[in-house]
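Thanks for sending this one over. Here are my notes, set out point by point, for you to read alongside the model.

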Amino acid sequence: MRRDSANDEASIIERIVSLGAADLTQRALAGQLAHAYGREAEVAKVFESMTARRSVLLLGNANIGKTAVLHEVISRIAHKQAPEALHGARIVSVSTGVVLVGTKYLGEWQTRFGELLEAIKSGKRIFLYIEDLWALRDAGRASDKSDGFSTFLRPFLERQDIVVLGESTPDNYSGAGYGTRALADDLSLMKLFNIITLEEPDRDATKAILASVARDLQRAHKVRIENIAIERALELTRRFLPYQAFPGKATHLLSEAARFRDDTSPDDKGKPQKQPQAGARDFIVTADLVSATFSRLTGLPEKIISDTIPLAQEEIHDYFNERVIGQEEAVNTVADVVTLVKAELNDPSRPLGVLFFVGPTGVGKTELAKTLAEYLFGSKDKLIRLDMSEYKTILSVPDLTAQLTEKQRRQSFSVLLLDEIEKASPPVFDLFLQVFDDARLTDSSGRSVDLRNTIIVMTSNIGTELSGNRGLGFLESSDRKDERRQQVMRAVEEYFRPEFINRLDKIVVFRPLGVDEMRRIARRELGKALLREGVLRRNILLDFREEVLDAIVRAGFSETYGARPLQRAIREEVLLPLARRIAAQPAAGEQLLELYVEDGHIDAAIIPVNPDLGPEPAEEERAIRDERLTIVDAASGRTRGMDLGQLRTAIVARREELDAHIAGERYQALKARSAVLLDEMNKPSFWDDNDRARLVMSAIYHIERVTERFSNLRNRAERLAEVAEMIRRNNDTAGIQRLTSSFEELERDAALAELELMAGATDVIATDALFLCITPVVTPLSQEPGDWPATLCEMYRSWAARKGHDVELVSEPDTAPMLLIRGPNLRGILAGEIGVHKLQRDDGEPRERSRARSLTQLARVDLLPIPPEDDIPFSREALEVTDIAEPRPREGKDRASQPAHTIEAQEPRSCQRVRVRCADAVGVARELIAARLIWEPPVPPHSEEVARVYRLAKTQYVRDPRTGHRERHPKDILAGAIDPFLLAYLSLQSQETPEPEPANVVAHHHDE
């Protein structure tokens, strides 16, 4: 009989589950239900009701532990730790939504619900847990006259055929919503339930509950939770989550902190940064980790809520001074409020602060309130703004309280901005007297909100018209400022009652903005406008002259309206001319946007910075370079033969190398550096220093160019690998030569990108043009340089041409060679070439019982980077130019398709004199003089170091004594294959190792 009874019960449970219910007893046996600690009295009352076949309703606020109590009851019954009368009982759960799902026709849900109740009734010892018991009266009814679930369930409850367990919050129980039928209104139904009210535990009881929860979390997540972490969770939730109840809000925070180990890896940069390895069993949940978790969940800045993160006064003032200009008194006031909140020394029974900002329009009152919300609460969205001019009558007071209570319940920590407070009706002032005193407000439905985590800011321009127009917008004397402040304070005291003013923490008088402040604001607003999507997407560098700010201030400065007209002035005077320029021409690669003033109006000129390389040429448009499958090495210029399989292997290898670069430290360091610069660019004070801003923007664009180049190269390698596979499948012999040419171009571009990446990882400013000067060096231990400087010159010319740079010899024949090279980041790439280059070879005359005598020739290489155009302090017309020779044609192409000629140019103020020979001789002379003014004299101290030794004797090699790098083919190096030495030097410079041993000076290396 017992076996048959068990089988019958199992089939009944199976039937109930098929109707949409869940078997909670089975989940309890699997350990999937929570425990309730410190609720023995409530658990006993539930057992008592269940034993007496009485339904139970747990009533209490959210997070107070109602569900935990029911889960504790179910777990004890499942494990036979309940009264004996309940041993073997089963509990199933269902919701009204599950019953209603999929029902479309009249009577359909009633049939399903009836089958469920009959099945539970037949089980005798089966209890029903209704998850949304509070919705019984409304669920299922289609009109006011139709019956809901409660009507259908009532007979089963009256006959005690079914015992129902449920829970509800007081708000849901009373049904405050419009048109709802609440459980509390149906007294006859509620008589069938034992209502057990759960009260919020006191501090000691909550702490004991958290300690028990912590033990469960330690076992579940294999962590150790410190006692101070429990205290921190208790304190943070008590202070910042007033509308949630204990112990739920604290246990949730502690659970999230314990999951930190599961959700993060040891390499994560989250808080705390120093934690044990993931496999360790002593992962510690500290108070700092609890603070960091709370910050992540709520958005509150960790520096505000953490006790271990200091907050210096200078940091607070700097933050606000960057964003609100010219209001020192106001900044000091909000900094004091922040300091009190951080130290938790503010009055716990009042709002965090009650401030009254008084001043002319457009001077920063609202902006300071937004900045305070962002700094203290993590986002400008934490600002609740109410326009008090909408509440001018007594009839508007209920609407104000309703709006305010609703917004405050959604956002308990915020800045409440009451804009133009003087325009509200007097009853509104009386309403806020209570708020200022005890930080509590109750609406017409009886719901209260707590404003103890709120800063209340009121703004007004009352009394500012008394100051007269004379002082507005211009610098004032201290006497004038004091007089104006006293006038404003008198106006405020005359308008508001003493009891209202007496409840304010401080009245802050904002002073009118002067011309200097307006210029700073104009610079920032202009900078933010020029960072809009239309400019950034087109890869446009921005620059503007100081005269542009003057024009904006003239157009946008107003004694009456403060800084607000600046927005209109920037739109009309700057953005519209810029939009016309951008719309009139297509994007053409990286460009320089320069704003200038002409005839009193602002105009924009877009100047190309680098020519647009355009998309990669189509495979079919590339010229076939060789009828044989011959690959030219990008670094050495040597040729090597390959079959298609070897070429495919080389392409895949190159793709893997590019992937390794992208995942490597240098690439990631560049990305990190770009992120730091972007953070600097997002600061409001970024545009205060125009030169610095331009430098940072240029660096960002340079880094993006380097990183994007690697992404493009990787994509090209991927496409070439696909093309090689297609050629193999289709036996397309004609496509092999095109593939070969494409691979050679890929190799050349990849070699240049690697150099840029290595140079970009250093702090050297990217230079796109420079003069490479080769000077003969004569010492007592060396011979005359002879043709050695010319040989070096040809080496660098070949290297630059191989890289695709523009290169031009600008010195006269039979003089010290000088090359003008234009290309990306040249100063960083060629930094290791600065110094003495030493050639060693035998003189060819053997001597008795000894080897041939070694001859040494020396030449020094120097770099003269050309400064940006704006940094050259003189124009072409300012030079005194003398033609040395008549212009005559040169073979080949030059920069301007003009014949080369020689000139001598002198800049009068510095008396710098140069002599150059090229097509655009005057322009080059101007650049050379500017470069010498910046970089010469003195000669860089390391230029006497030996940069490279070229050994052309019986044993041949080329060696860099600084890096130790050595190559065995000098002819390849002298033909321009210097990339290995460039990479070795850049790699040495980027390593965080002790300084290498000093490079040997010339005198000590005459017979190496």
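1. How many bridges join strand E11 to strand E14, and do they run parallel or antiparallel? Five bridges link E11 (residues 414-419) with E14 (residues 454-460), and the two strands run parallel. Within this pair, Leu-416 has Ile-456 of E14 as its bridge partner. Please keep in mind throughout that this is a predicted model.

2. Stepping back to the sheet around that pair, five strands make up an open sheet in the order E10-E11-E14-E9-E15, and the pairing is parallel. Strand E10 (383-387) and strand E15 (506-509) are at the edges with a single partner strand each, so each has one side left without a neighbour in the sheet. On average, and ignoring direction, neighbouring strands here are turned by 20° against each other.

3. Two helices on this sheet deserve a look. Helix H17 (residues 328-343) packs on the sheet, where it touches strand E9 (353-358), E14 and E15, and its direction makes about 150° with that of E15. Helix H20 (residues 426-438) lies across E9, E11 and E14, and runs at about 140° to E14.

4. H17 also has a helix partner. Its axis and that of H18 come within 11 Å and cross at roughly 25°. The cut-off for roughly parallel is an angle under 35 degrees, and H17 is therefore roughly parallel to H18. The crossing of this pair is right-handed. On the H17 side the contact involves Ala-330, Val-334, Val-338 and Val-341, which meet Leu-368, Leu-372, Tyr-375 and Leu-376 in H18. By class, that contact has eight nonpolar residues, with no polar and no charged ones.

5. Which helix packs with H18 at an angle of about 140°? That is helix H16 (residues 313-323), whose axis is 10 Å from the axis of H18 (residues 365-377). H16 and H18 are therefore oblique to each other, and H16 passes H18 in a right-handed crossing. From H16, Glu-315, Ile-316, Tyr-319, Phe-320 and Arg-323 meet Glu-367, Leu-368, Thr-371, Leu-372, Glu-374 and Tyr-375 of H18. By class, this contact of H16 with H18 comprises six nonpolar, one polar and four charged residues. If you are viewing H18 on screen, Leu-368, Leu-372 and Tyr-375 are worth selecting: they take part in the contact with H16 and also in the contact with H17.

6. Further along the chain there is an open sheet of eight strands, in the order E22-E23-E21-E25-E24-E29-E30-E31, with mixed pairing. Its edges are strand E22 (806-809) and strand E31 (966-967), each with a single partner strand, so one side of each is left without a neighbour in the sheet.

7. Is strand E25 mostly covered or mostly open? Of the 12 residues in E25 (residues 854-865), 10 are buried, so to speak of the strand as mostly covered is fair under the cut-off of under 20% relative accessible area. On one side, eight bridges join E25 to strand E21 (residues 769-777), and this pair runs antiparallel. Here Val-777 has Leu-858 in E25 as its bridge partner. Strand E24 (residues 835-842) is likewise joined to E25 by eight bridges and runs antiparallel to it. In that pairing, Gln-840 stands opposite Thr-856 of E25.

8. E25 has a helix to go with its strand partners. Helix H33 (residues 921-935) lies across E21, strand E23 (818-822) and E25, and it runs at about 100° to E25.

9. Two loop residues round off my list. Arg-39 sits in the loop between helix H2 (24-29) and helix H3 (40-51). Is Arg-39 buried or exposed? It counts as buried, because its relative accessibility is 7%. Apart from neighbours within four places in sequence, Arg-39 is in contact with Ile-64, Val-69, Leu-198, Glu-199, Pro-201 and Pro-247.

10. Ala-52 is in the loop between H3 and strand E2 (55-59). With a relative accessible area of 45%, Ala-52 is partly exposed. Ala-52 and Val-163 are 111 residues apart in sequence, yet their C-alpha atoms are 9.5 Å apart in space.

Note on methods. Residues numbered from 1 in each chain as written. Predicted model: local features only at pLDDT ≥ 70, side-chain atom pairs only at ≥ 80, totals over all residues. Heavy atoms only, no water. Buried < 20%, exposed > 50% of the residue type's maximum accessible area, 1.4 Å probe, protein only. Helix = DSSP H or I, 4+ residues; strand = E, 2+ residues; numbered from the N terminus. Pairing = 2+ DSSP bridges. Contact = heavy atoms within 4.5 Å. Axes fitted to C-alpha atoms, helices over the stretch in contact; angles between N-to-C directions. Parallel < 35°, antiparallel > 145°, perpendicular 65-115°, else oblique. Left-handed = near helix turned anticlockwise from the far one by under 90°. Nonpolar A, V, L, I, M, F, W, Y, C, P; charged D, E, K, R; others polar.
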